[in-house]
Amino acid sequence: MTRALAALIGHSVRRNRALLGATAALLVVFQSLAALMAASFEQAGSFDEIAAMVPDFLRQAFGPSFLALLTFDGIVLLGFFHFAVIAFLVGLAIAVATEPASEVEHRFNDLLLARPLPRWVPIARSAILLAGVALATCGAMCAGTWAGLALFAPEGIDWPSPRLILSLGGLMAALMVCCGGVALAIGSAARRRGVAGAVAGLLVFALFLVDVVARVWEPAMLLARLSPFHYFDPILLAIGQPIPWWNPALLLFAGTAGLAVALVVYARRDL
Amino acid sequence: MPELLPIAIDNLGKRYGRAQALAGLSLEVHEGEVFGFLGLNGAGKTTTIRLLLDLIRPTAGNARIFGHDCRAASLEVRRLVGYLPGEPPFLADMTGEQLLRLLERVGGRRVDAAWRAELVERFDLPARHLARRVRDYSTGMKRKLALVQAFQHDPPLLILDEPTESLDPVMQEAVWALVADLRARGRTVFLSSHVLSEVERVCTRVGVLREGRLVLLASIDELRELAPRTVVVRFASEAPPPPPEIAPGLKVIGSAPAAWNLEARGPLGPLLTRLAGLDVADLEVREPRLEEIVVPYYRGAP
């Protein structure tokens, strides 16, 4: 069965290699450019000027952590908490995790599962691929950060610690696994990839909004505990504050629970 | 020890919500048979095939393939089956070669290279075609690729859904020749088709589904007995008026100035006795075509 699983993983990687390669390259370049940008600001002594230009309402809206990001470390680590990067990587995780729905939609399963292939194999394939993509993309961000620092960091400046960079990468990977796990559960019951992706995307977006509301409105706090973004706070990490160890653990647990649901649903459904 | 039937279906049923796709289907297919599974679109043929492969789950009854339950032992079942889907479901960005290799690896059985080479040659899919992406294939080429993947691991049971759909006449002939060869080697073939003339030529037995129910199950020979033969008696000169009753089993269905058209069930001896002494120029006996027998079952007439 390992041979069949390996064959399916290889098949999926081959089909998506251009997208995955381009994503990893973009992230490496982006993080390297962030280091170049930070070095440029540092050398020009611009951080204080930029902080002085931030209007009061922005300081109040984002809190003191916002100014803490306007430092060499904060700019170097920009990709780990930039909304566009997070949204893209969550979208990528959802796309990877909904491959079983695509195989049902195109009836490719009629060829695969007409062979002695247990139904858990396509789901396990997608779960392994999801974990691999999360590690590869977040690893690319870490690698890009180090590459940028090695190339562009001014002499004598302290780099963000490897532990911090790896923690940010790990937290981002945990978020991808969590959202991908939920998408895998939805995709295992769906007949169309578009529907599965849209439902998973909307759900994640709704949970993101719940977390946004809860950060400024106390009554929503209880509901926010259901949101993965409640446990995903890279800014805290970036400004040097620890986050509880169970935050990434809960994200990984939610992703694993999604995988378990997917295995059960896919094993029982009509294809 | 009882024979392990290639296919044994017992009271199989499938519902989709309130729609009954298949109801109380029971049939057996014996080793070495080529079984034709017929019916209009939506009659339940593909549903039956997908139930056999455990792609969908029955709401009643069960099916066995070589003694293995299609639900409880579906892996064993699928190890013994080669399947040609009705619509080849390929991923357009794969090459034909990649697809065949992937399905070989997923299938868990090594494909005999010589056998695959023979299939590729029979279906006229040279290496340069297999190296192209499926998106560049014509409909017929996709069907040929689907045929190769179904046959390539040389399984003891082949389930073919519309095997000659979108193939040119030469390739249709290649398919039937291959089916005949496989049958000669003891393989069993279960196929659905709309081309009744071909079914008549290659199948040993047929079953007809109508609205999810089996309405006819018979061998081709039995089917022929169900329908009368047409006999045309041509006279050298003007035909004498046909008698109202020639003999038991013989009925006049029309006459022309120099011919009688008769419908015959049973032996023709009494007719020949009657014709003795008449100026008969020619006698034509036409066997009923499968269409004439089966199509009324499609529509619910018999």
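Helices here are DSSP runs of H or I with at least four residues, strands are E runs of at least two, and both are numbered from the N terminus. The model is predicted, so to speak of a local feature takes a pLDDT of at least 70 and side-chain atom pairs count only at pLDDT 80 or more, while totals for chains, interfaces and linings use all residues. Residues are numbered from 1 along each chain as written, chains are lettered from A and ligands numbered from 1 in written order, and side-chain values use heavy atoms, without hydrogens or water.

**View 1. Chain A is built with 14 helices and 0 strands.** Reading from the N terminus, you meet α-α-α-α-α-α-α-α-α-α-α-α-α-α. The C-alpha trace spans about 65 × 45 × 30 Å along its principal axes. Chain A has a radius of gyration of 20 Å, which agrees with the value near 18 Å for a compact globule of 271 residues (taken over C-alpha atoms; the rule is 2.2 Å times the number of residues to the power 0.38). Of those 271 residues, 48% count as buried (buried is under 20% relative accessible area, exposed over 50%, partly exposed in between, with a 1.4 Å probe and protein chains only).

**View 2. Seven arginines, Arg3(A), Arg14(A), Arg17(A), Arg105(B), Arg110(B), Arg133(B) and Arg135(B), gather in a positive patch on the surface.** A patch takes residues with over 30% relative accessible area and no salt bridge, joining like charges within 9 Å; a salt bridge puts a side-chain nitrogen of Lys or Arg within 4 Å of a carboxyl oxygen of Asp or Glu. Helix 1 of chain A (residues 2-44) gives the largest share, 3 residues. Look for Arg14(A) in that helix 1; Arg14(A) counts as partly exposed because its relative accessibility is 41%.

**View 3. Chain B mixes 11 helices with 14 strands.** Its C-alpha atoms fill a box of roughly 75 × 45 × 40 Å along the principal axes. Buried residues account for 50% of the 302 in chain B.

**View 4. Glu162(B) has a positive phi, near 55°, without being a glycine.** You'll find Glu162(B) in the loop between strand 7 (157-161) and helix 7 (169-184) of chain B. With 10% relative accessibility, Glu162(B) counts as buried.

**View 5. Glu211(B), not a glycine either, has a positive phi of about 50°.** Glu211(B) sits in the loop that joins strand 9 (205-210) to strand 10 (213-219) of chain B. Its relative accessibility is 67%, so Glu211(B) counts as exposed.

Key. Patch = residues over 30% accessible without salt bridge, like charges linked within 9 Å, V, L, I, M, F, W, Y side chains within 5 Å. Areas by Shrake-Rupley, 256 points an atom, 1.4 Å probe, with all protein chains shown as cover. Lys, Arg positive; Asp, Glu negative; His and termini not counted. Charge placed at Lys NZ, Arg CZ, Asp CG, Glu CD.
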